[in-house]
Amino acid sequence: MKPASCTASFRLPLQSLFRYFLQLILLLFLAPQSILAFSTMPSSSTKQFKGVLFDMDGTLLDTEPLGCKAVYLTLQDKLSAEALAAFEDRHQLMEWELKQKTLGLPGPAWAKIVLEWSHKYWGVPSPPSVEEFLKRHEEIMFEYIGTVEACQGADELVQQLANLQLTDAKTKLPMAIATSSYSTSVTEKRKHHEEMFSYFDTIVTGDDPALKHGKPSPDIYLEAARRIGLNPKDCVVFEDGMPGVQAGKAAGCFVVAIPDPRFTDDERKIFEQTADLVLENLSQFPVASMFGAAGSTSSPQSQQEPQSQESLSQ
């Protein structure tokens, strides 16, 4: 009896091939976000990251609602009756069409956009100067800053990363904050989240003299990486706004985006095309996949000592 040929033993019926391709097509359509989000994530065996850089507003701290409220209160006596009613209907939040234009931008840049909008759509006949607006806006922010909470998963992720040990079992994972907020604003915002902030080695603020340009230019992430002694290519960036995502990518970092849930599917696709990984919140970050092979979580007795506020200004 002739033995069956190898070719014959691997031949599949046409019906089976059709069913296989149908299942593949369904998979692509049913889980596009998962595929897009993780398709670019490097294998821990091929790339080991050595540090993390966090944006602050909207990434670590949920300051965006308070920022909107401060805009409203700053311009309250200048708004038209229609604009006042609309703000109240939105619980003192700005229109999303406007808000998304300002996410991640330095103070003077987003303030200019808001003031132009106020003149065009809110009935403000003569808006204040950018400087006057930002001064009053900051005063109101400080007044209500105690109401700001950490973003979902922020406290847990920061502590988990702070307690990672790198391969030499002695070195901790360096961490920095790179925020467009000015230093006076950061000082106030951290007062109610001191434990989380204490784990960071340094904070680079938007008014730092070392920065020539704000986000989306890479300056702030290049400087943050330099201060923790790392090549930007060895750093993971966490960002919620497109200017910050673009800044991280321009610096050469691996960028994790956590976009606002109000973005449409089409807008979210832009994040998926620009960032390396897109998550709904920080609790979804795959620490084991990204750092698991390079490090392990230290025991409670050897956990990283929190940094004093003075050390963060270095």
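In which crossing, left-handed or right-handed, does α13 pass α14? I began my notebook with this point and found that α13 passes α14 in a left-handed crossing. I note at the outset that this is a predicted model.

**Entry 1: two helices**

Two packed helices are described by the angle between their axes and the distance between the axes. I therefore looked up both values for helix α13, residues 242-251, and helix α14, residues 265-274. Their axes come within 10 Å and cross at roughly 15°. Angles under 35 degrees count as roughly parallel, and α13 and α14 are therefore roughly parallel to each other.

**Entry 2: aromatic pairs**

I next searched the whole structure for aromatic pairs, and the search gave 11 of them. I examined Trp110 and Phe133, whose ring centres are 5.8 Å apart. Their planes stand at 80°, and an angle over 60 counts as edge-to-face, so I recorded the pair as edge-to-face. This pair links distant parts of the chain. Trp110 belongs to helix α7, residues 107-121, while Phe133 belongs to helix α8, residues 130-144, and 23 residues separate the two. I also looked up their exposure: Trp110 is buried, and Phe133 is buried too.

I then turned to Trp117 and Tyr121, whose ring centres lie 4.3 Å apart. The planes of these rings are at 40°, so the pair is tilted. Both residues lie in helix α7, 4 residues apart, which is about one turn of the helix. Is Trp117 buried or exposed? Trp117 has 9% relative accessibility; buried means under 20%, so this residue counts as buried. Tyr121, with a relative accessible area of 46%, is partly exposed.

I also noted one aromatic cluster, which is formed by Phe54, Phe200, Phe238, Phe285 and Phe291.

**Entry 3: charges over rings**

Here I looked up charged side chains placed over aromatic rings. Lys69 lies over the face of Tyr144, at 4.0 Å from the ring centre. The charged end of Arg90 sits over the ring of Phe87, and the distance to the centre of that ring is 4.9 Å.

Arg90 appears again in my search for salt bridges: its side chain meets that of Glu95 in a salt bridge, at 3.4 Å from N to O. I recorded Arg90 as partly exposed, at 22% relative accessibility.

**Entry 4: further salt bridges**

How many salt bridges does a search of the whole structure find? The search finds 16 salt bridges.

In helix α8, I found that Glu139 forms a salt bridge with Lys135, and their closest N and O atoms are 2.9 Å apart. The two residues are separated by about one helical turn, because they are 4 residues apart in helix α8. Glu139 counts as partly exposed at 35% relative accessibility, whereas Lys135 is exposed, with a relative accessible area of 56%.

I then looked up Arg190, which forms a salt bridge with Glu194. The closest N and O atoms of this pair are 2.2 Å apart. Arg190 counts as buried, with 3% relative accessibility, whereas Glu194 counts as partly exposed, with 31%.

Which residues are joined into one network by salt bridges that share partners? I recorded Asp208, Glu223, Arg226 and Arg227 as the residues joined in this way.

Key. Residues numbered from 1 in each chain as written. Predicted model: local features only at pLDDT ≥ 70, side-chain atom pairs only at ≥ 80, totals over all residues. Heavy atoms only, no water. Phe/Tyr/Trp six-rings, centres within 6.5 Å; stacked < 30°, edge-to-face > 60°. Buried < 20%, exposed > 50% of the residue type's maximum accessible area, 1.4 Å probe, protein only. Lys NZ or Arg CZ within 6 Å of the ring centre and 35° of its normal. Salt bridge = Lys/Arg side-chain N within 4 Å of Asp/Glu carboxyl O. Axes fitted to C-alpha atoms, helices over the stretch in contact; angles between N-to-C directions. Parallel < 35°, antiparallel > 145°, perpendicular 65-115°, else oblique. Left-handed = near helix turned anticlockwise from the far one by under 90°.
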